[in-house]
Amino acid sequence: MSRAAILLVATILLGGCERDAEPVLPEGFAVLAEASADLDGDGRDESVRLVGRGAADSPFREDLCLVVGPSAHLWPLPSAAAGGYGPQLQLVDVTGDGSPEIIVTADTGGSGGMVAAAVVTARPDGKAWTLHTVFDSESGPRPRFAGALVDGFAAEMEVTAPGLPRKQESLDLAARREIYLQTGVYDEHGTLQHKVEIWGDALMSLTPVAASAGGPGLQAVQQARGTSNADRLVEIRTLMVWKESQWQAVSLTLTPIN
Ligand SMILES: [Ca+2]
Ligand SMILES: [Ca+2]
(Lines give C-alpha, C1' and ligand atoms only; values in the text may rest on other atoms or scores of the structure.)
(Ligands and ions follow the chains in the order given, each with its own letter.)
Protein backbone atom coordinates (compact mmCIF):
# COMPACT_ATOMS: atom_id res chain seq x y z
CA MET A 1 0.00 0.00 0.00
CA SER A 2 1.40 3.41 -0.90
CA ARG A 3 1.93 6.10 1.72
CA ALA A 4 -0.75 8.23 0.16
CA ALA A 5 -3.16 5.32 0.37
CA ILE A 6 -2.26 4.69 4.00
CA LEU A 7 -2.90 8.32 4.86
CA LEU A 8 -6.16 8.33 2.95
CA VAL A 9 -7.39 5.13 4.60
CA ALA A 10 -6.26 6.46 7.98
CA THR A 11 -8.08 9.70 7.43
CA ILE A 12 -11.27 7.99 6.37
CA LEU A 13 -11.22 5.32 9.06
CA LEU A 14 -9.99 7.45 11.91
CA GLY A 15 -11.64 10.75 11.27
CA GLY A 16 -14.12 10.32 14.08
CA CYS A 17 -11.72 8.77 16.57
CA GLU A 18 -12.11 10.05 20.13
CA ARG A 19 -9.23 11.30 22.23
CA ASP A 20 -7.39 8.68 24.27
CA ALA A 21 -8.99 5.83 22.37
CA GLU A 22 -6.83 3.05 21.00
CA PRO A 23 -6.10 3.89 17.38
CA VAL A 24 -8.44 2.19 14.94
CA LEU A 25 -6.00 0.98 12.32
CA PRO A 26 -6.57 0.26 8.65
CA GLU A 27 -7.15 -3.42 7.87
CA GLY A 28 -4.03 -5.51 8.20
CA PHE A 29 -2.25 -3.04 10.49
CA ALA A 30 -1.36 -3.79 14.08
CA VAL A 31 0.40 -2.01 16.93
CA LEU A 32 3.94 -3.46 16.98
CA ALA A 33 5.41 -1.47 19.85
CA GLU A 34 4.28 1.24 22.21
CA ALA A 35 6.08 3.63 24.55
CA SER A 36 5.31 6.88 26.31
CA ALA A 37 7.28 9.95 27.29
CA ASP A 38 6.76 13.69 27.56
CA LEU A 39 7.59 14.71 24.00
CA ASP A 40 6.88 18.43 24.37
CA GLY A 41 7.90 19.18 27.94
CA ASP A 42 4.41 20.07 29.22
CA GLY A 43 4.65 17.56 32.08
CA ARG A 44 2.28 15.02 30.55
CA ASP A 45 3.42 11.89 28.76
CA GLU A 46 2.36 11.19 25.20
CA SER A 47 1.96 7.67 23.86
CA VAL A 48 3.82 6.70 20.72
CA ARG A 49 2.79 3.63 18.77
CA LEU A 50 4.72 1.92 16.01
CA VAL A 51 2.27 0.27 13.65
CA GLY A 52 2.71 -1.80 10.51
CA ARG A 53 1.53 -4.73 8.45
CA GLY A 54 2.85 -8.23 7.99
CA ALA A 55 2.05 -11.91 7.77
CA ALA A 56 1.34 -13.78 10.99
CA ASP A 57 3.97 -16.41 10.24
CA SER A 58 6.82 -13.95 9.64
CA PRO A 59 8.52 -11.32 11.80
CA PHE A 60 8.82 -9.05 8.73
CA ARG A 61 6.72 -5.90 8.99
CA GLU A 62 6.17 -3.29 6.33
CA ASP A 63 4.40 0.04 5.84
CA LEU A 64 5.71 1.06 9.26
CA CYS A 65 4.02 4.18 10.61
CA LEU A 66 4.00 6.18 13.84
CA VAL A 67 0.92 7.25 15.75
CA VAL A 68 1.62 9.98 18.32
CA GLY A 69 -0.65 10.82 21.24
CA PRO A 70 -4.40 10.44 20.94
CA SER A 71 -4.15 11.46 17.29
CA ALA A 72 -5.58 9.08 14.77
CA HIS A 73 -3.06 10.07 12.14
CA LEU A 74 -0.67 7.46 10.75
CA TRP A 75 2.69 9.03 9.90
CA PRO A 76 4.65 6.85 7.45
CA LEU A 77 8.30 6.37 8.37
CA PRO A 78 10.84 7.35 5.72
CA SER A 79 11.44 4.62 3.16
CA ALA A 80 14.78 3.71 4.76
CA ALA A 81 12.92 2.51 7.86
CA ALA A 82 9.54 1.59 6.41
CA GLY A 83 10.07 -2.16 6.72
CA GLY A 84 12.15 -4.79 8.45
CA TYR A 85 12.29 -7.70 10.85
CA GLY A 86 11.36 -7.26 14.50
CA PRO A 87 10.98 -3.46 14.44
CA GLN A 88 11.74 -1.71 17.73
CA LEU A 89 10.71 1.62 19.19
CA GLN A 90 12.61 3.80 21.67
CA LEU A 91 11.94 7.28 23.04
CA VAL A 92 15.23 8.94 23.99
CA ASP A 93 16.52 12.50 23.77
CA VAL A 94 19.45 12.23 21.38
CA THR A 95 19.54 15.86 20.25
CA GLY A 96 20.11 17.31 23.73
CA ASP A 97 17.10 19.65 23.90
CA GLY A 98 15.40 17.68 26.67
CA SER A 99 12.62 16.34 24.43
CA PRO A 100 12.82 12.66 23.47
CA GLU A 101 13.21 11.63 19.86
CA ILE A 102 11.34 8.64 18.42
CA ILE A 103 13.87 6.03 17.32
CA VAL A 104 12.78 3.10 15.14
CA THR A 105 15.14 0.31 14.14
CA ALA A 106 14.53 -2.95 12.28
CA ASP A 107 16.77 -5.68 10.92
CA THR A 108 16.91 -5.68 7.14
CA GLY A 109 17.25 -9.47 7.12
CA GLY A 110 20.18 -9.62 4.73
CA SER A 111 23.20 -11.81 5.45
CA GLY A 112 25.16 -8.68 6.33
CA GLY A 113 23.16 -8.04 9.51
CA MET A 114 22.29 -4.49 8.57
CA VAL A 115 19.63 -2.35 10.22
CA ALA A 116 17.09 0.10 8.92
CA ALA A 117 16.71 3.08 11.24
CA ALA A 118 14.99 6.42 11.59
CA VAL A 119 15.16 9.13 14.24
CA VAL A 120 12.12 11.41 14.35
CA THR A 121 11.30 14.54 16.35
CA ALA A 122 7.69 15.31 17.30
CA ARG A 123 6.39 18.81 17.99
CA PRO A 124 2.85 19.75 19.00
CA ASP A 125 0.88 21.45 16.26
CA GLY A 126 -2.50 22.34 17.67
CA LYS A 127 -4.21 19.05 18.53
CA ALA A 128 -1.93 17.18 16.13
CA TRP A 129 1.79 16.55 16.00
CA THR A 130 4.31 17.52 13.39
CA LEU A 131 6.90 14.80 12.87
CA HIS A 132 10.25 15.42 11.26
CA THR A 133 12.97 12.93 10.37
CA VAL A 134 16.39 13.99 11.67
CA PHE A 135 18.24 10.80 10.73
CA ASP A 136 17.57 7.79 8.55
CA SER A 137 19.78 4.88 7.67
CA GLU A 138 19.76 5.64 3.94
CA SER A 139 20.58 9.32 3.85
CA GLY A 140 21.83 9.89 7.41
CA PRO A 141 25.29 11.46 7.61
CA ARG A 142 27.13 8.32 8.64
CA PRO A 143 30.86 8.00 8.00
CA ARG A 144 31.91 7.02 4.50
CA PHE A 145 34.97 5.01 3.81
CA ALA A 146 37.10 3.99 0.87
CA GLY A 147 40.22 1.97 0.37
CA ALA A 148 41.67 -1.19 -1.07
CA LEU A 149 43.79 -4.21 -0.31
CA VAL A 150 47.50 -3.65 -0.93
CA ASP A 151 50.55 -5.87 -1.30
CA GLY A 152 51.74 -7.65 1.84
CA PHE A 153 48.38 -8.94 3.15
CA ALA A 154 47.26 -5.48 4.20
CA ALA A 155 44.76 -2.78 3.33
CA GLU A 156 44.78 0.99 3.30
CA MET A 157 41.56 2.79 4.07
CA GLU A 158 40.32 6.29 4.64
CA VAL A 159 37.28 7.23 6.73
CA THR A 160 35.42 10.51 6.32
CA ALA A 161 32.91 11.55 8.98
CA PRO A 162 31.08 14.88 9.20
CA GLY A 163 32.94 17.24 11.54
CA LEU A 164 36.06 15.10 11.95
CA PRO A 165 39.41 15.20 10.16
CA ARG A 166 39.84 12.51 7.52
CA LYS A 167 41.22 9.37 9.11
CA GLN A 168 43.68 7.06 7.40
CA GLU A 169 44.20 3.54 8.63
CA SER A 170 46.42 0.65 7.61
CA LEU A 171 44.99 -2.78 8.31
CA ASP A 172 47.12 -5.85 8.90
CA LEU A 173 45.36 -8.76 7.19
CA ALA A 174 48.03 -11.40 7.82
CA ALA A 175 45.52 -13.47 9.80
CA ARG A 176 43.62 -13.97 6.52
CA ARG A 177 46.70 -15.13 4.59
CA GLU A 178 45.56 -18.73 4.06
CA ILE A 179 42.08 -17.88 2.84
CA TYR A 180 43.46 -15.14 0.57
CA LEU A 181 45.98 -17.61 -0.87
CA GLN A 182 43.27 -20.24 -1.41
CA THR A 183 41.01 -17.77 -3.15
CA GLY A 184 43.80 -16.31 -5.27
CA VAL A 185 43.58 -12.80 -3.86
CA TYR A 186 47.33 -12.84 -3.11
CA ASP A 187 50.21 -15.04 -4.23
CA GLU A 188 52.55 -16.59 -1.69
CA HIS A 189 54.85 -13.58 -1.85
CA GLY A 190 52.00 -11.40 -0.70
CA THR A 191 51.55 -9.76 -4.08
CA LEU A 192 47.98 -8.71 -4.70
CA GLN A 193 46.59 -10.55 -7.74
CA HIS A 194 43.65 -8.29 -8.51
CA LYS A 195 42.13 -5.09 -7.20
CA VAL A 196 39.89 -5.48 -4.14
CA GLU A 197 38.15 -2.36 -2.92
CA ILE A 198 36.86 -1.90 0.61
CA TRP A 199 33.09 -1.54 0.72
CA GLY A 200 29.98 -1.82 2.85
CA ASP A 201 29.25 1.35 4.83
CA ALA A 202 25.66 0.36 5.70
CA LEU A 203 24.61 0.62 9.34
CA MET A 204 24.95 -2.47 11.52
CA SER A 205 23.37 -0.73 14.49
CA LEU A 206 22.22 2.66 15.66
CA THR A 207 21.91 3.21 19.42
CA PRO A 208 21.21 6.21 21.64
CA VAL A 209 24.14 7.35 23.77
CA ALA A 210 23.58 8.91 27.20
CA ALA A 211 25.13 12.20 28.31
CA SER A 212 27.29 10.27 30.77
CA ALA A 213 28.86 8.39 27.86
CA GLY A 214 29.67 11.46 25.76
CA GLY A 215 26.20 12.13 24.37
CA PRO A 216 23.39 12.73 24.17
CA GLY A 217 23.82 11.42 20.70
CA LEU A 218 23.78 8.40 18.43
CA GLN A 219 26.31 5.64 18.04
CA ALA A 220 26.47 4.21 14.54
CA VAL A 221 28.30 0.94 13.91
CA GLN A 222 29.50 -0.09 10.46
CA GLN A 223 31.73 -2.88 9.19
CA ALA A 224 34.09 -2.49 6.26
CA ARG A 225 34.38 -5.58 4.06
CA GLY A 226 36.92 -6.80 1.55
CA THR A 227 36.64 -9.71 -0.87
CA SER A 228 33.10 -10.71 0.15
CA ASN A 229 30.29 -10.06 2.58
CA ALA A 230 31.91 -12.53 4.98
CA ASP A 231 35.34 -10.86 4.72
CA ARG A 232 34.75 -8.34 7.52
CA LEU A 233 37.88 -6.29 8.05
CA VAL A 234 37.19 -3.56 10.56
CA GLU A 235 34.38 -2.26 12.72
CA ILE A 236 33.79 1.49 12.74
CA ARG A 237 32.01 3.03 15.74
CA THR A 238 31.02 6.66 15.44
CA LEU A 239 29.48 8.88 18.09
CA MET A 240 27.41 11.64 16.52
CA VAL A 241 25.89 14.61 18.34
CA TRP A 242 23.26 17.08 17.12
CA LYS A 243 24.88 20.48 16.73
CA GLU A 244 23.49 23.49 14.89
CA SER A 245 20.71 21.39 13.37
CA GLN A 246 22.94 18.69 11.99
CA TRP A 247 24.77 15.55 13.10
CA GLN A 248 28.45 15.97 13.80
CA ALA A 249 30.77 13.06 14.50
CA VAL A 250 32.73 13.63 17.70
CA SER A 251 34.58 10.34 17.90
CA LEU A 252 35.47 7.56 15.54
CA THR A 253 36.92 4.20 16.61
CA LEU A 254 38.22 1.56 14.24
CA THR A 255 38.56 -1.96 15.61
CA PRO A 256 40.04 -4.68 13.40
CA ILE A 257 37.89 -7.82 13.16
CA ASN A 258 39.93 -10.99 13.42
CA1 LIG B 1 3.66 16.17 26.83
CA1 LIG C 1 15.52 15.88 21.49
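**Exercise 1. Find which residues D151 is in contact with, leaving aside neighbours within four places in sequence.**

Step 1. Fix the criterion: two residues are in contact if their C-beta atoms, placed from the backbone, lie within 7 Å.
Step 2. Set aside the residues within four places of D151 in sequence; G190, T191 and L192 are then its contacts.
Step 3. Know the ground. This is a predicted model, where local features need pLDDT of at least 70, side-chain atom pairs count only at pLDDT 80 or more, and totals for chains, interfaces and linings use all residues. Residues are numbered from 1 along each chain as its sequence is written, while chains are lettered from A and ligands numbered from 1 in the order in which they are written.

**Exercise 2. Place D151: in which loop does it lie, and is it buried or exposed?**

Step 1. Strands are DSSP runs of E, at least two residues, numbered from the N terminus. D151 sits in the loop that links strand 9 (144-150) to strand 10 (154-160).
Step 2. Count C-beta atoms, placed from the backbone, within 10 Å of the residue's own: 20 or more others make it buried, 12 or fewer exposed, and anything in between partly exposed.
Step 3. D151 is exposed because it has 11 C-beta neighbours inside 10 Å.
Step 4. Add a distance. From C-alpha to C-alpha, D151 and R237 are 27 Å apart in space, with their positions 86 residues apart in sequence.

**Exercise 3. Work out the strand order of the open three-stranded sheet.**

Step 1. Two strands pair if DSSP finds at least two bridges between them.
Step 2. The order is 9-10-11, and the pairing is antiparallel.
Step 3. Strand 9 and strand 11 (167-172) are the edges, each pairing on one side only.
Step 4. From one strand to the next, the twist averages 20 degrees. Axes here are lines fitted to C-alpha atoms, for helices over the stretch in contact; angles between N-to-C directions run from 0 to 180 degrees.
Step 5. Strands 10 and 11 are joined by six bridges. M157 stands opposite E169 of strand 11.

**Exercise 4. Compare the settings of D63 and E244.**

Step 1. Most residues other than glycine have a negative phi, and most peptide bonds are trans.
Step 2. D63, not a glycine, has a positive phi of about 50 degrees. E244 also has a positive phi, near 50 degrees.
Step 3. D63 belongs to strand 3 (residues 60-68). E244 is in the loop between strand 14 (232-243) and strand 15 (246-256).
Step 4. D63 is buried because 21 other C-beta atoms lie within 10 Å. E244 is exposed, with 5 C-beta neighbours inside 10 Å.

**Exercise 5. Locate the cis peptide bond.**

Step 1. The bond joins G215 and P216, with omega about 5 degrees.
Step 2. P216 lies in the loop between strand 12 (203-209) and strand 13 (217-225).

Note on methods:
Helices (H or I, at least four residues) and strands (E, at least two) are DSSP runs, numbered from the N terminus.
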